[in-house]
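User: Please take a close look at a single part of this model and describe it in a connected account. Kindly state the criteria behind each term.

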Amino acid sequence: MDQTEPKSYRKISNLSVLSKLLERLVCKQLMTYLKDNNSLLSDLLSGFRAHHSKVMPDILFALTSGNLALLTLLDLSAAFDSVDR
């Protein structure tokens, strides 16, 4: 152990809470700024934006037109957990 290091480490548990609060604040301010300046945010960018889904209207249009609609969703959140790094 290095002489400059303290003998006991305590995890700063409030850091993650403060980080999340700061993240939400910055995200809210940034989205407000981008919405107020329409030329900065394209309507084609719909990922992770509330009320900008292009999937549901397309599915409903296909169904009302008498066509078949198929939606396949993949959850890849744990796909690389078993990869040896």
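Analyst: V17, L18 and L21 together make a nonpolar surface patch of about 290 Å². Patches are made of residues with over 30% relative accessible area and no salt bridge, where like charges are joined within 9 Å and nonpolar side chains (Val, Leu, Ile, Met, Phe, Trp, Tyr) within 5 Å. The accessible areas come from the Shrake-Rupley method with a 1.4 Å probe, and for residues only the protein chains shown count as cover. The model is predicted: local features need pLDDT of at least 70, side-chain atom pairs count only at pLDDT 80 or more, and totals for chains, interfaces and linings use all residues. Residues are numbered from 1 along each chain as its sequence is written, and side-chain values use heavy atoms, with hydrogens and water left out.

Within the patch, L18 belongs to helix α1, residues 14–36 (helices are DSSP runs of H or I with at least four residues, numbered from the N terminus). L18 has a relative accessible area of 53% and is therefore exposed (buried is under 20%, exposed over 50%, partly exposed in between, with a 1.4 Å probe and protein chains only).

Helix α1 also holds E23 and K20, three residues apart, about one turn of the helix. Their side chains meet in a salt bridge at 3.7 Å, N to O, the term requiring a side-chain nitrogen of Lys or Arg within 4 Å of a carboxyl oxygen of Asp or Glu. By this rule the count is one salt bridge. E23 is partly exposed, because its relative accessibility is 46%.

How values were computed:
Helices (H or I, at least four residues) and strands (E, at least two) are DSSP runs, numbered from the N terminus.
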